[in-house]
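Hi,

Here is the structure I promised to pass on. Have a look at it first, and my notes follow underneath.

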Amino acid sequence: DTLIILLQLPTVFSTAKFGFSNITGIDYSPSAIQLSGNIIEKEGLSNIKLKVEDFLNLSTKLSGFHICIDKGTFDAISLNPDNAVEKRKQYVKSLSRVLKVKAQKNNIG
């Protein structure tokens, strides 16, 4: 299965260690991706790809995922005082776009 994780480093590592073989982690922060990449390399986890992406403004390159694990992104969007309702709607649109039809949608809060 193809898995996308809205980046939260411990979640990325635990899913990789539980046998998922095609993992993509995303974060809008280049420094978070760089730090994660350094740790992934140190741990020898070659089944993880990392990308700098803003989940609310995704590139067209991200699609076809079976599972999305979100550990805090939706919460942060919902608590943002700057237009939270519209951002939640965009989150749902982005989620629908990256997942394959009939894929599992899971928000772990």
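Starting with the aromatics: the structure holds 2 aromatic pairs. Through ring pairs, Phe 55, Phe 74 and Tyr 91 are joined into a cluster, so if you want somewhere to begin in the viewer, colour those three residues. Keep in mind as you look around that this is a predicted model, and that the values below are computed from it.

Now for the overall layout. The protein chain has 4 helices and 5 strands. Read from the N terminus, their order is β-α-β-α-β-β-α-α-β.

One piece I followed in detail is the pairing of strand E2 (residues 22-27) with strand E3 (residues 48-52), which is parallel and runs over 5 bridges. If you want to find the pairing on screen, look for Gly 25, whose bridge partner in E3 is Leu 50. To get from E2 to E3, the chain passes through helix H2 (residues 30-43), and this β-α-β crossover is right-handed.

A few figures for the whole chain, too. The protein chain has 109 residues, and 38% of them count as buried. Its accessible surface is about 6,500 Å², with 53% of that belonging to carbon and sulfur atoms. As for contacts in the protein chain with a separation of 6 or more, 68% of them are between residues 24 or more positions apart.

That's what I have for now. Shout if anything is unclear.

Cheers

Methods:
Residues are numbered from 1 along each chain as its sequence is written. This is a predicted model: local features need pLDDT of at least 70, side-chain atom pairs count only at pLDDT 80 or more; totals for chains, interfaces and linings use all residues. Side-chain values use heavy atoms; hydrogens and water are left out. Two strands pair if DSSP finds at least two bridges between them. Helices (H or I, at least four residues) and strands (E, at least two) are DSSP runs, numbered from the N terminus. A crossover is right-handed if, with the strands pointing away from the viewer, the path from the first strand over the helix to the second runs clockwise. Rings of Phe, Tyr and Trp (its six-membered ring) pair if their centres lie within 6.5 Å; planes under 30 degrees apart count as stacked, over 60 as edge-to-face and the rest as tilted. Buried means under 20% relative accessible area, exposed over 50%, partly exposed in between (1.4 Å probe, protein chains only). Contact means heavy atoms within 4.5 Å. Accessible areas come from the Shrake-Rupley method with a 1.4 Å probe; for residues, only the protein chains shown count as cover.
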